[in-house]
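This report takes a short walk through one model. It starts at a charged side chain and ends with the aromatic rings.

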Amino acid sequence: MQARFRRTLAAGTRALVVAGEHPARAPRFADWTARLAADVAAGRHALAQAGEGEDSGRSATDLRGDARTVVLDDIRALCRLGKAIPEELGTAAAYWKVGHITQPAEQLLARGRQYLAFARAHQDILAGYGVTPAHLDTMAAHLADFAARGDAQTRAQAAHISAHALIPELTTRILKALRALSAIYTHEFATQPDRLAAWQSAARVHAPRRKRPAPPPTPDTPKPPLALPPGQPPVLGFLPLPRVNLTEPLRRPPQQQNGPTSR
């Protein structure tokens with residue numbers, strides 16, 4: 001869809017150039033030219049917004065992955081300590097779970113905030129194991145950064161989707177303006193083929209180039225048939241057999257004598 005819209009937008013841009021160089025005298029010419037210019041400008045903005053949303057979305061996804069890793073490390077550190085001293089904290093060891101690394105972002109945020117609140121409530125115990133208020137403040141900053149990057153990713157995706165949603169409507173509007181202006185030029189410049197050809201060339205939405213199909217493979221050269229003796233009819237699938245005259249008696253090979261015979 002985006003490739004077709006780009007070709008339509010290019011045709012609208014070229015048409016505006018020709019319309020500025022060779023304006024028509026028809027009363028509706030100025031109206032349709034203004035519509036085309038507004039739609040082309042909106043199309044350029046939509047493409048820029050779609051590209052910006054796509055690039056920002058990829059960037060936010062990568063940065064959010066880095067922030068996720070940091071939050072997981074903070075949670076792992078608290079879980080290791082919590083499982084080591086569950087009696088002092090008044091919890092069971094099963095309370096401390098990191099969760100899967102691919103758990104949903106909202107679940108990870110909720111888990112991190114839960115453990116952070118617990119650690120602040122038991123700061124007097126955890127301080128003896130090296131968990132200072134500064135450590136907890138850092139963990140809170142990591143959680144806020146992870147949440148902010150998630151919001152940025154959501155906004156980028158929304159911008160990308162909204163821009164793409166405008167493309168079909170803008171394509172239809174630009175094509176409608178081109179058809180109306182083509183009707184005006186065809187009628188007004190019927191006796192000026194050079195100007196009419198310039199408009200038609202500019203307003204044409206070029207079709208995508210198609211690759212030429214590969215030529216069919218050249219069939220192998222058939223092998224010549226097996227040469228047969230003169231007068232021998234061919235036998236399908238077998239080699240020719242020698243001729244045998246059945247009217248003549250069979251010739252027996254002479255018997256070999258190993259020694260003298262006694263009577």
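Is D74 buried or exposed, and which side chain of opposite charge is nearest? The model is predicted, and in it D74 is buried. D74 has no salt bridge. The nearest side chain of opposite charge is R80, 8.7 Å away. A salt bridge needs a nitrogen of Lys or Arg within 4 Å of a carboxyl oxygen, so R80 at 8.7 Å does not supply one.

D74 sits in helix α2, which spans residues 29-84. Its side chain does have a polar partner: H142, through a contact of 2.7 Å. Setting aside residues up to four places away in sequence, D74 touches M139 and H142.

**R76, also in α2**

Helix α2 also carries R76. R76 has a relative accessible area of 27%, and is partly exposed. Beyond its neighbours within four places in sequence, R76 is in contact with V98 and I101. From R76 to V98 the sequence separation is 22 residues, yet their C-alpha atoms are 6.0 Å apart.

**Helix α4**

Helix α4 covers residues 105-121, 17 residues in total. From first C-alpha to last it reaches 24 Å, close to the 24 Å expected at 1.5 Å a residue. Its buried residues include L108, L109, R111, Y115 and F118.

**Aromatic pairs**

How many aromatic pairs does the structure hold? There are eight. Two of them are set out here.

| Pair | Geometry | Centre to centre | Angle between planes |
|---|---|---|---|
| Y95 and Y115 | edge-to-face | 5.7 Å | 65° |
| Y185 and W199 | stacked | 4.4 Å | 10° |

The Y95 and Y115 pair links distant parts of the chain. Y95 lies in the loop between α3 (86-89) and α4, while Y115 is in helix α4, 20 residues apart. Y95 is partly exposed, because its relative accessible area is 28%. Y115 is at 2% relative accessibility, so Y115 counts as buried.

The Y185 and W199 pair also joins distant parts of the chain. Y185 belongs to helix α6 (residues 133-188) and W199 to helix α7 (residues 193-203), with the two 14 residues apart. Why do both count as buried? Y185 has a relative accessible area of 0%, and W199 has 1%. The cut-off for buried is under 20%, so both residues meet it.

Y185 and W199 also belong to a wider group: together with F29 and F189 they form one aromatic cluster.

Definitions and conventions. Residues numbered from 1 in each chain as written. Predicted model: local features only at pLDDT ≥ 70, side-chain atom pairs only at ≥ 80, totals over all residues. Heavy atoms only, no water. Helix = DSSP H or I, 4+ residues; strand = E, 2+ residues; numbered from the N terminus. Buried < 20%, exposed > 50% of the residue type's maximum accessible area, 1.4 Å probe, protein only. Lys, Arg positive; Asp, Glu negative; His and termini not counted. Polar contact = N/O pair within 3.5 Å; in protein donor to acceptor, adjacent residues only side chain to side chain. Contact = heavy atoms within 4.5 Å. Expected span 1.5 Å × (residues − 1). Phe/Tyr/Trp six-rings, centres within 6.5 Å; stacked < 30°, edge-to-face > 60°.
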